[in-house]
Amino acid sequence: MLQRIRRVLLGLALVIVSYFMLLFVYTWFTFTFWRVLPLGLMPSAPEAATFLLFIGLPLYFLPTIIGRKKRNARALLALNVLTGWTFIGWVGALVWALLRDGPDTSQAAH
């Protein structure tokens, strides 16, 4: 029971950290290109939050969602959270999630 609580809390912490990473990237993108976009096209704060929550997070965690039943699902989640904000890290996690698991070599054959 205690391990399950720890896993849930860790997962919640990873989701929160990932959300703020996405928020940072979105904010940076918005403020970097604010001079290029006409004022009417700039999203409001509720629109941005809605986008991040319902589109950004699932897209960010797509490799983890695809590979949730893999043998190394926790390592995939860690890779996704820690390097997913870079394009290369996200693509690497997606490729890993799409690869088939090889035979289990952790147990020695007798």
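Contacts that reach far along the chain dominate this predicted model: of the contacts in the protein with a separation of 6 or more, 61% link residues 24 or more positions apart. These contacts sit in an all-helix setting, since the secondary structure comes to five helices and zero strands. Read from the N terminus on, the order is simply α-α-α-α-α.

As for what is covered and what is not, buried residues make up 21% of the 110 residues in the protein. The accessible surface comes to about 8,700 Å², and carbon and sulfur atoms account for 73% of that area.

Turning to the interior, the largest nonpolar core has seven residues in all: Leu-22, Tyr-26, Leu-52, Leu-57, Tyr-60, Phe-61 and Val-81. Two elements, α1 (2-32) and α2 (45-60), each give two or more residues to this core. Of the elements, α2 gives the most, with three residues. In general terms, nonpolar side chains tend to be buried together in soluble globular proteins.

Two members of that core, Tyr-60 and Phe-61, deserve a closer look. Both Tyr-60 and Phe-61 are buried, and their rings make up the one aromatic pair that the structure holds. The geometry is edge-to-face, with the ring centres 5.2 Å apart and an angle of 90° between the planes.

Methods:
Residues are numbered from 1 along each chain as its sequence is written. This is a predicted model: local features need pLDDT of at least 70, side-chain atom pairs count only at pLDDT 80 or more; totals for chains, interfaces and linings use all residues. Side-chain values use heavy atoms; hydrogens and water are left out. Helices (H or I, at least four residues) and strands (E, at least two) are DSSP runs, numbered from the N terminus. Buried means under 20% relative accessible area, exposed over 50%, partly exposed in between (1.4 Å probe, protein chains only). Contact means heavy atoms within 4.5 Å. Accessible areas come from the Shrake-Rupley method with a 1.4 Å probe; for residues, only the protein chains shown count as cover. A nonpolar core is a set of buried Ala, Val, Leu, Ile, Met, Phe, Trp, Tyr and Cys residues joined through side-chain atoms within 4.5 Å. Rings of Phe, Tyr and Trp (its six-membered ring) pair if their centres lie within 6.5 Å; planes under 30 degrees apart count as stacked, over 60 as edge-to-face and the rest as tilted.
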